[in-house]
Amino acid sequence: MATLRFATAFVFLLSLLRAIKVSKCQSFIGINYGQVADNLPSPSETAKLLQSTSIEKVRLYGADPAMIKALANTGIGIMIGAADGDIPALASDPNFAKSWINSNVIPFYPASKIILINVGNEVMTSNDQNLMNQLLPAVQNVQNALNEASLGGKIKVSTVHSMAVLRQSEPPSAGMFHPNLVQMLKGLLSFNNATGSPFEINPYPYFAYGSDPRPDTLNYCLFQPNPGRVDSNTNIKYTNMFDAQVDAVRSALNAMGFKDVEIVVAETGWPYKGDSNEVGPSIENAKAYNGNLIAHLRSMVGTPLMPGKSVDTYLFALYDEDLKPGAGSERAFGIFKPDLTATYDIGLSKSSQAPSMPKTPVTPAPTPVSPASPTPTPVSPSPKPVSPSPKPNKASWCVPKVGLSAAQLQTNLDYACGHGIDCSPIQPGGACFDPNTVASHAAYAMNLLYQTAGRNPWNCDFSQTATLSSNNPSYNNCVYPAGSS
């Protein structure tokens, strides 16, 4: 029997329910709005841009009053931030915390939908012991100030962490926090648990790829077909690094007894260009990562340890920040340009069709060089995109190329059914179950994903193992969906 990997059966049972739910609400998609730049659009223009997309939340790193005001009456949820430099005063002086709330929240709420206040950014891995020790008192004083303003149940308070808070992240089931941080994290997590605020984390498969350029790692990072990686403790096969990183955090939280604390991905993204000695930045890879991440979130598949729901995820970033120091990639994460056009299209516009999943890039062969900030990365040419054939204007179907191995067909089958399509027709009793072969089942699933993902040539790429055909592969009562492109 052609088998589907772990958790895809769950996808089949809930696919229709998810489709209905996702069509009405995509509140799990947010975006980061950094302002270390001198060429940003006006706050009002940015607010209008956000309203034209399916983005329902935005994270500000500070509390820019002009931006908060511009978002009034838009319904867009807003994260605001208290700077690291404010932490000592927030921790030592409750009146400073009250003043901060009175200045940055009260004048704007509830017209501006402030949903969360972040106190500091990646403080726990800053190596500033004094600041780390003051973080919890600062968070508590901000919460107390909200309570006194009768906003305690309406606006949450938390802080954002880098993945470096984990000592171990592989396999995901063995995720654990760094022993030196456990006591401080326990206090913060107790606060999260008591107030219902989330544990916020910044997973970046981009940086992990730079330090781990093994074969198939790029496709693993970009949600593209790949052999996957099996968790030796649970026998769960992970087919993308995002899920693996998030589940490692889930395991670390569970190990400390905080199973009910929600995870929010405060930042994740991929740069579209970088310096010559940086591995991975390219338009193709950025579009693939962000586009496929959005498709993954919209599928409502969830992660293996948190199935059936999507983690709130804030993409990085809305615009480039041209004044940021460091490697060239640090100034090239923007999904939109200052002229409000898209750097690349990942289906965020409300007027666009279903997001198209970008074509698979060619994995480069890296060679080591000296470290580059923020993660040591080997040098490599940017992956070259596969040139798509012209998009047909008649009915077409996506089918596997001739001569594929059973392993490759199974990988494509797992990938397609893991992206939220309805694979029940190829389950026992389904109209397309017979012939019960991996080739037949993969062909049906690959075509269905192509038809639902946008019917672009790159939706029928599957690491260059598929092709478009004008011959209808339907047979008997098994109907392969089709549409004119």
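Helix α10, which covers residues 241–255, has 15 residues and reaches 21 Å from its first C-alpha to its last, close to the 21 Å expected at 1.5 Å a residue. The model described here is a predicted one, and within it 13 of the 15 residues of α10 are buried, so this helix is largely enclosed by the rest of the structure. At its N-terminal end α10 is capped by Asn240, whose side-chain oxygen lies 3.2 Å from the backbone nitrogen of Phe242. Just after the helix comes Gly257, which takes a positive phi of about 90°.

Two residues of this stretch, Val249 and Leu253, are among the contacts of Phe199 when its neighbours within four places in sequence are left aside. Other residues in contact with Phe199 include His161, Val165, Phe177, Leu185, Leu189 and Asn192, as well as Val261, Glu262, Ile263 and Val264. In the largest nonpolar core, which has 102 residues, Phe199 and Ile80 touch the most other members. Apart from that core lies another, of 25 residues, with Ala442, Ala443, Leu449 and Cys478 among them.

Strand β1, residues 29–33, is mostly covered, since five of its five residues are buried. In a regular strand the side chains alternate between the two faces of the sheet. In β1 both faces are covered, with Ile29, Ile31 and Tyr33 buried on one side and Gly30 and Asn32 buried on the other.

The table sets out the strands that pair with β1.

| Partner of β1 | Sense and bridges | One bridge pair |
|---|---|---|
| β14 (residues 313–315) | parallel, three bridges | Ile29 with Thr313 |
| β2 (residues 57–60) | parallel, four bridges | Ile31 with Val58 |

Together with helix α2, which spans residues 43–51, the strands β1 and β2 make a right-handed β-α-β unit.

A further strand, β9, spans residues 229–230 and contains Val230. Which residues are in contact with Val230, once its neighbours within four places in sequence are left aside? They are Asn235, Ile236 and Lys237. Val230 and Pro171 are 59 residues apart in sequence, while their C-alpha atoms are 8.0 Å apart in space.

Key:
Residues are numbered from 1 along each chain as its sequence is written. This is a predicted model: local features need pLDDT of at least 70, side-chain atom pairs count only at pLDDT 80 or more; totals for chains, interfaces and linings use all residues. Side-chain values use heavy atoms; hydrogens and water are left out. A nonpolar core is a set of buried Ala, Val, Leu, Ile, Met, Phe, Trp, Tyr and Cys residues joined through side-chain atoms within 4.5 Å. Buried means under 20% relative accessible area, exposed over 50%, partly exposed in between (1.4 Å probe, protein chains only). Contact means heavy atoms within 4.5 Å. Helices (H or I, at least four residues) and strands (E, at least two) are DSSP runs, numbered from the N terminus. Two strands pair if DSSP finds at least two bridges between them. A crossover is right-handed if, with the strands pointing away from the viewer, the path from the first strand over the helix to the second runs clockwise. The expected span of a helix is 1.5 Å times one less than its number of residues. A polar contact is a pair of N or O atoms within 3.5 Å; within protein, one must be able to donate a hydrogen and the other to accept it, and residues adjacent in sequence count only if both atoms are side-chain atoms.
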